[in-house]
Amino acid sequence: MTRYFACGAYRLSLDRPLLMAIINITPDSFSGDGLIEKPEQICAKALKAIEAGADILDIGGESSRPGAESVSVKEELRRLLPILDLLLPLGVPVSVDTLKPEVMRAVLAAGADLINDINAFHAEDAMEAVAGTNCGLCVMHMQGQPRTMQHNPQYGNVVTEVKAFLHERLNTMIQLGVNSDRILIDPGFGFGKTLEHNAALFQALPELGELAPVLVGVSRKSMLGEITGWPVEKRMLPSAVAAVAAAAQGAAVLRVHDVAETAAALKVWAALGPRFGIA
């Protein structure tokens, strides 16, 4: 039976993994490709991503890399709103990566289709800011905060704890009247996890997918650097391989920097390997 993900005016089939293109607009992105103050380049990058196969565009006005400093609501909106206006007419859903309820309300009023919150809507009033709308919601697990999350993260059982956290968040949203087809869950690879934790969660993707459609974001991350020994600027190939591995484990949405390469890798896998969702 076909599953769908509802976000704003869009209803996206999950018969195949969807590609969420990362359009960096912060000056301190870990991947080094932020384009803040260059709206014409941002729009060109977004169009190129759509042509390459992006189903969703994801923008954020505050970096969530390890050690990142927070920015004010005013500054975050200064970065986001002009770009949101440019991207909304492009014909695909636009996601905004933010953890601030004030920002959520402003970008939803401007037309954003999805709120991607690394803080799982734990901020005061965050749930209230989104529950009564028709936007899609991505709920992520994070141990700690961006500034300190990679300082010796520890778990008793990372899969059990992350699954329980996401299950609680899902139940809370549904109790507030959010339809389940509006919700994605994200295990939060690299957000307060070691490589061992990340690997365990990767193997548990089918189990997590029983809760809700799973978004996987490992593109160019340090876990791939630990595996390969390669710096961030050389991680396109490992990122594409990791995306295929996530798809094979049932991931519904793949959040990536390199859309064309990831789309090509998925096409080869679909043609020569097992069917989507069947490892």
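The core of this predicted model is easiest to follow from its open sheet, in which 8 strands line up in the order E8-E7-E6-E5-E4-E3-E10-E9 with parallel pairing. E8 and strand E9 (215–216) sit at the edges with a single partner strand each, so one side of each has no neighbour in the sheet. Strands here (E, at least two residues) and helices (H or I, at least four) are DSSP runs, numbered from the N terminus. Two strands pair if DSSP finds at least two bridges between them. A word on the ground rules: the model is predicted, so local features need pLDDT of at least 70 and side-chain atom pairs count only at pLDDT 80 or more, while totals for chains, interfaces and linings use all residues. Residues are numbered from 1 along each chain as its sequence is written, and side-chain values use heavy atoms, with hydrogens and water left out.

Strand E3 (residues 18–24) has 7 of its 7 residues buried, so the rest of the structure largely encloses it. Buried means under 20% relative accessible area, exposed means over 50%, and partly exposed lies in between (1.4 Å probe, protein chains only). In a regular strand, side chains alternate between the two faces of the sheet. In E3, Leu-18, Met-20, Ile-22 and Asn-24 point one way, and Leu-19, Ala-21 and Ile-23 point the other. E3 runs parallel to strand E10 (residues 253–256), joined by 4 bridges, and Leu-18 has Val-253 as its bridge partner in E10. E3 also pairs with E4 in the parallel sense, over 5 bridges, and here Asn-24 stands opposite Gly-60.

Moving along the sheet, strand E4 (residues 56–60) pairs in the parallel sense with strand E5 (residues 94–97) over 4 bridges. Asp-58 stands opposite Ser-95, while Gly-60 has Asp-97 as its bridge partner. In E5, Val-94 and Val-96 point one way, Ser-95 and Asp-97 point the other way, and all are buried. E5 then pairs with strand E6 (residues 114–117), again in the parallel sense, over 3 bridges; one link matches Val-96 with Ile-115.

Now for the helices. Helix H2 (residues 73–87) has 15 residues and spans 21 Å from first C-alpha to last, close to the expected 21 Å, a figure that is 1.5 Å times one less than the number of residues. Its buried residues are Glu-76, Leu-77, Arg-79, Leu-80, Ile-83, Leu-84 and Leu-87. The cover over them includes helix H1 (39–52), E4, E5 and helix H3 (101–110), where contact means heavy atoms within 4.5 Å.

Helix H5 (residues 158–175) has 18 residues and reaches 26 Å, close to the 26 Å expected. Val-158, Val-159, Val-162, Leu-166, Arg-169, Leu-170 and Met-173 are buried in H5. They lie on the same side of H5 because they cover an arc of only 110 degrees around the axis, judged by directions from the helix axis to the C-beta atoms. Among the elements covering them are strand E7 (136–140) and helix H6 (195–203). Just after H5 comes Gly-177, with a positive phi near 95 degrees.

Finally, the cysteines: the model has 0 disulfides, a disulfide being a pair of cysteine sulfur atoms within 2.5 Å. For Cys-7, the nearest cysteine sulfur, in Cys-135, is 9.0 Å away. Cys-7 is buried at 0% relative accessible area, and Cys-138 is also buried, at 0% relative accessibility.
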